[in-house]
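Okay, thanks for coming, everyone. I have one structure to walk through today, so let me put it on the screen.

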Amino acid sequence: MLMASQVAYRSIAVDRVAGALGAEISGIDLARPLSDEQRTELRRAWLEHLVLFFRDQPLAPEQFMAFARSIGRPVEYPFVRGIEGYPEIIEVKKLEHERVNFGGIWHSDTTYLEHPPMASILLAREVPPFGGDTLFANMYLAYDTLSPGLRASLDTLKGVSTSSKADVSKTREDRIRSDGKDEARQSYQAVHPVVRTHPETGRRSLYVNVAHTDRFEGWTQAESEPLLRMLHEHQVRPELTCRFVWRPGSIALWDNRCALHNPVNDYHGYRRVMHRITLEGDRPR
Ligand code: OGA
Ligand code: MN
């Protein structure tokens with residue numbers, strides 16, 4: 001009998017890029033409306049591989065929005081204004097003279113919101129001649145590779161996420177200065193289960209991240225710190241990750257409910273410009 005993961009795809013080609021997560025999708029033109037079969041198969045591949053990569057898809061903003069809408073509902077990012085005419089598309093960029101890259105730390109997007117985004121889609125416009133890759137990590141595997149005893153304890157805990165942890169705040173400052181919304185000075189906080197159940201796959205994943213998780217609910221920061229530090233080290237072990245090398249027109253679509261990401265800041269002196277859309281998510285549970 002075929003396992004679910006072995007059911008063939010008819011409308012797309014799916015090639016895994018690593019043992020932990022990530023698949024490159026080919027044989028599809030995202031500039032055109034997707035057929036029902038393509039949509040269904042992309043969803044299946046995405047849920048199985050957590051992050052999908054596409055090459056040579058230099059979508060115009062309208063086409064990028066249409067692709068995003070075929071997967072979910074685009075939402076605005078609280079801190080940075082969208083590009084002209086498209087409030088849900090933000091520019092994620094690092095300029096030649098800048099030293100800090102946007103989101104340059106392991107994280108899941110905006111977990112300090114009550115309803116963090118289900119997914120994020122990044123489309124590369126300009127890439128440096130080397131470097132600027134993005135790392136991803138599989139949080140189902142991070143959870144599954146902990147001991148049964150620790151898993152059982154974590155199942156009972158909640159984590160407090162805040163938008164104002166120092167290491168991540170400084171990665172937004174250049175963009176807030178150039179494209180910040182008026183309300184960008186606001187601070188957000190949300191409490192979510194440390195282990196969440198994916199609403200579509202039913203699988204449990206570790207839902208803490210070093211950028212936004214400040215402490216366990218009901219614990220002090222000092223009490224939380226040793227266990228959080230251990231989890232942050234564990235959750236990005238190399239064998240839980242994959243790495244994507246961008247080209248102009250490359251797209252990554254990742255599932256924030258079960259994956260972390262981290263853009264590598266190794267291209268000082270060069271520009272990197274991406275367009276990003278985030279898709280509405282439910283309340284983690
Ligand atoms: C993001 C982010 C990743 C990158 O846009 O959410 O973290 O590769 N950026 O720039
Ligand atoms: Mn991010």
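I'll start with the ligand site and then go through a handful of single residues.

One thing up front: this is a predicted model, so please keep that in mind throughout.

Right, the ligand. Which residues surround ligand 1? Going along the chain, we have Val-92, His-107, Asp-109, Leu-122 and Thr-134, and then Trp-254, His-261, Pro-263, Arg-272 and Arg-276. If you sort that shell by class, you get four nonpolar, three polar and three charged residues. In terms of secondary structure, two strands each give at least two residues to the shell: β15, which runs 259-263, and β16, at 272-279.

Now the polar side of things. Thr-134 has a polar side-chain atom 2.6 Å from an oxygen atom of ligand 1. For Asp-109, a polar side-chain atom sits 3.0 Å from a ligand oxygen. And with His-261, there's an N or O atom of the side chain 3.1 Å from an oxygen atom of the ligand. So how much of ligand 1 does the protein bury? On its own the ligand exposes 290 Å², and the protein buries 100% of that. The space ligand 1 takes up is also the largest cavity.

Okay, on to backbone angles. As background, most residues other than glycine have a negative phi. Here are two residues with a positive one. Leu-50 isn't a glycine, yet its phi is positive, about 75 degrees. You'll find Leu-50 in the loop between α1, residues 36-49, and β3, residues 51-54. The other is Asp-56, again not a glycine, with a positive phi of about 55 degrees. Asp-56 is in the loop between β3 and α2, the helix at 61-69.

Are these two buried or exposed? Leu-50 is at 2% relative accessibility, and the cut-off for buried is under 20%, so Leu-50 counts as buried. Asp-56 has a relative accessible area of 57%, so Asp-56 is exposed.

While we're around there, have a look at Trp-46, which lies in helix α1. Trp-46 is buried because its relative accessible area is 1%. Its C-alpha is 10.0 Å from that of Val-14, and the two are 32 residues apart in sequence.

Next, some loop residues. Glu-76 is in the loop between β4, at 74-75, and β5, at 90-94. Glu-76 comes out at 44% relative accessibility, so that one counts as partly exposed. What's the C-alpha distance from Glu-76 to Thr-278? For that pair it's 7.3 Å in space, with their positions 202 residues apart in sequence.

Glu-98 is in the loop between β5 and β6, the strand at 119-126. Despite being a Glu, Glu-98 counts as buried, because its relative accessibility is 7%. From Glu-98 to Ala-31 it's 32 Å, C-alpha to C-alpha, and they're 67 residues apart in sequence.

Last one: Leu-157, in the loop between α4, which is 148-154, and β8, which is 158-162. Leu-157 is at 13% relative accessibility and therefore counts as buried. Its C-alpha is separated by 35 Å from that of His-275, and those two are 118 residues apart along the chain.

That's my tour, happy to go back to any view.

Technical notes. Residues numbered from 1 in each chain as written. Chains lettered and ligands numbered in written order. Predicted model: local features only at pLDDT ≥ 70, side-chain atom pairs only at ≥ 80, totals over all residues. Heavy atoms only, no water. Near = heavy atom within 4 Å. Polar contact = N/O pair within 3.5 Å; in protein donor to acceptor, adjacent residues only side chain to side chain. Areas by Shrake-Rupley, 256 points an atom, 1.4 Å probe, with all protein chains shown as cover. 1 Å grid on protein atoms, 1.4 Å probe; cavity = no way out; pocket = protein on both sides within 12 Å on 5 of 7 lines; lining within 4 Å. Sits in = over half its atoms within 2 Å of the grid points. Helix = DSSP H or I, 4+ residues; strand = E, 2+ residues; numbered from the N terminus. Nonpolar A, V, L, I, M, F, W, Y, C, P; charged D, E, K, R; others polar. Buried < 20%, exposed > 50% of the residue type's maximum accessible area, 1.4 Å probe, protein only.
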